[in-house]
Amino acid sequence: MEVRGRMKQDEEEYAPSPDLSAKQNHHSGLRMRVDMAARVQHSLQFQFQFQFQRTSLTAFLSFPKSINKTKWFSSSSSTSRRPGAALYCTSNSAPKEDPFVLTTPLYYVNAPPHMGSAYSTIAADAIARFQRLIGKKVIFITGTDEHGEKIATAAAAGGSTPNDHCDAISQSYRALWKDLDISYDKFIRTTDPKHEAIVEEFYSKVLANGDIYRADYEGLYCVNCEEYKDEKELLENNCCPMHLKPCVSRKEDNYFFALSKYQKKLEDILEHNPDFVQPLYRLNEVQNWMKTGLKDFSISRASVDWGIRVPNDPKQTIYVWFDALLGYISALSEDHEQPSLQTAISSGWPVSLHLIGKDILRFHAVYWPAMLLSAGLNLPKTVFGHGFLTKDGMKMGKSLGNTLEPNELVHRFGPDAVRYFFLREVEFGNDGDYSEERFINIVNAHLANTIGNLLNRTLGLLKKNCQSTLVADSSDAAEGIEFKDTVEKLVEKSKVQYESLQLSSASECVMEIGNAGNLYIDARAPWSLFKQGGASFDSAAKDLVLILEAMRIIAVALSPVTPNLCLRIYRQLGYSDEQFHAATWSDTKWGGLKGGQVMAPPNPIFARIETAVEAEGGPAVEKKVSKKKEKS
């Protein structure tokens, strides 16, 4: 890989960093020849800026933990502030709770969505729903990344224009999200005019800060990654390790972002803010990348026509990643507003959580924060890199041709089954493998049996013996009963797991409530107590109240994971849809059901999934799902 620097614009436009070329010249295979006269003229100015930034950062990092450090990240471009000073202290006015803003990746529209993209979005939706339950104002952002070489190639292969291709694929994402009950608030497309306006404004800010320069670039390029690769990271025959396809040799005249300038700042931020990248092993990955030395990266393409034009050079288009990352900001801009960086930022930035796949961690944890620092904007609070969904031990991806079709899964098994399996079975952050046999066994055991059968048989007994009417308040019925304490402890534990993004463990805790309910009702055997009459009859009737109260709590606590299933539980308990949608986490407190409430007639809330053998009339053979395997 080789860079031959050729300064092509006057020094006022580019103001290159004097430290930049020194670092660049130490990179193997990189050689820069720059106009020294232009650099010397700006050296004193840059040194002052850089010293200011370092001083601000040192002060920021030395503050006590009681100080809200996130207020130090600038969200506005003050004219009184020195250019490039990304960190500064602001006055602490009246406290105002920030919204919880979370994002999925903006999905690339070279092909329709696959299960890997659906997994990210299901997880984000569960987090968004939980945050709403605990009373947070949530802005849930998703969308599609629609520029770049791959898009133009895919459109041409399909015999359509890039615009028509993007419209069709973007709509397929929206349709799938609807089928999966995704409750997003903002859907951004990088072809939206408001997005293009914000990209151009952001580019101009970074350019004015002296962090963009022009040079020749030559190296091995992976079209699928939309990225130049170092030879040392490639497989045999220069194959990309992610897509297993050969990289092509390219030489272009591009614009570059001075990433190396931000090496020390990023190292300090990662060291003093360990929650910035999660899980911890992803933080370690990022820090290891940083140790090899950051290299400036190309942010324009001369050979790609389908993209946003470089503001100061319309012959080139902006690199797809420099473009797409800004979708997280442009999504905050309202359609009726004149698009601007400042209005978008004031509508919810910084993001609370970027939820991404681990394959794009470097772009979000290194490139993106450096870009924001250059523009003087807030950094996101957390970048969470989850693992891959695998099939036959390999990452599922459109480029590899081994995808699991999410539409087929949803149409066969329903959204609740799909959501529950991937959130319960895959420990969030790690890789997870799909097996249809495992899918059916888990869903049948947990949703159809543990929850569905418990509710159905309890309502059946209530209808038969109590005319579907509760005989006592659930708080009174639980006096002196250990079962209530068990439920309360599991609810509190599940909340802690949700808050720490441990979605699998949170689901397990809620499911343990169902297991405890089954153990309780089997031990108490109310069907026998009803036959005995008298005090035994009254005791059995109260037992049913306890189980139904536990089911009510399950319906609230599991609703981030299986919203439709939980709505059906609420309906069975005699509540309206409006009451379900108005529920908050406080409704997981014991005591919601009252004496005299009338339950709906029993109706199965989740149909057991039949295997192919069962459907053909063969024996029903269902493997037992061991606890040990569940927790592995």
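This passage describes the overall make-up, the sheets and the cysteine residues of a predicted model.

The protein comprises 632 residues, of which 57% are buried, and its secondary structure consists of 25 helices and 17 strands. Among the contacts in the protein with a separation of 6 or more, 77% are accounted for by residues that lie 24 or more positions apart. The exposed area of the protein amounts to about 26400 Å², and carbon and sulfur atoms supply 50% of this area.

Strands of a sheet pair through backbone hydrogen bonds, in either a parallel or an antiparallel arrangement. Both arrangements are considered below, beginning with the parallel one. An open sheet is formed by six strands, which follow one another in the order β4-β3-β2-β13-β14-β8 with parallel pairing. Its edge strands are β4, covering residues 186-189, and β8, covering residues 277-278, each of which pairs on one side only. Within this sheet, strand β2 (residues 100-108) is joined to strand β3 (residues 138-145) in the parallel sense over seven bridges, and the register of the two strands can be followed at L106, whose bridge partner in β3 is G143. Helix α13, which spans residues 361-375, lies across three strands of the sheet, namely β8, β13 (353-357) and β14 (383-386), and runs at about 140° to β13.

A further open sheet is built from three strands in the order β10-β12-β11, and here the pairing is antiparallel. Because β10 (300-301) and β11 (309-310) each have a single partner strand, they stand at the edges, and one side of each is left without a neighbour in the sheet. The pairing of β10 with strand β12, the latter covering residues 313-318, is antiparallel and extends over two bridges; R301 has T317 as its bridge partner in β12.

With regard to the cysteines, the structure holds zero disulfides. Two cysteine residues can nevertheless be described by their accessibility, for which the threshold for a buried residue is a relative accessible area under 20%. C466 has a relative accessibility of 6% and therefore counts as buried, and C566, at 0% relative accessibility, likewise counts as buried.

Conventions. Residues are numbered from 1 along each chain as its sequence is written. This is a predicted model: local features need pLDDT of at least 70, side-chain atom pairs count only at pLDDT 80 or more; totals for chains, interfaces and linings use all residues. Side-chain values use heavy atoms; hydrogens and water are left out. Two strands pair if DSSP finds at least two bridges between them. Helices (H or I, at least four residues) and strands (E, at least two) are DSSP runs, numbered from the N terminus. Contact means heavy atoms within 4.5 Å. Axes are lines fitted to C-alpha atoms, for helices over the stretch in contact, and angles run from 0 to 180 degrees between N-to-C directions. A disulfide is a pair of cysteine sulfur atoms within 2.5 Å. Buried means under 20% relative accessible area, exposed over 50%, partly exposed in between (1.4 Å probe, protein chains only). Accessible areas come from the Shrake-Rupley method with a 1.4 Å probe; for residues, only the protein chains shown count as cover.
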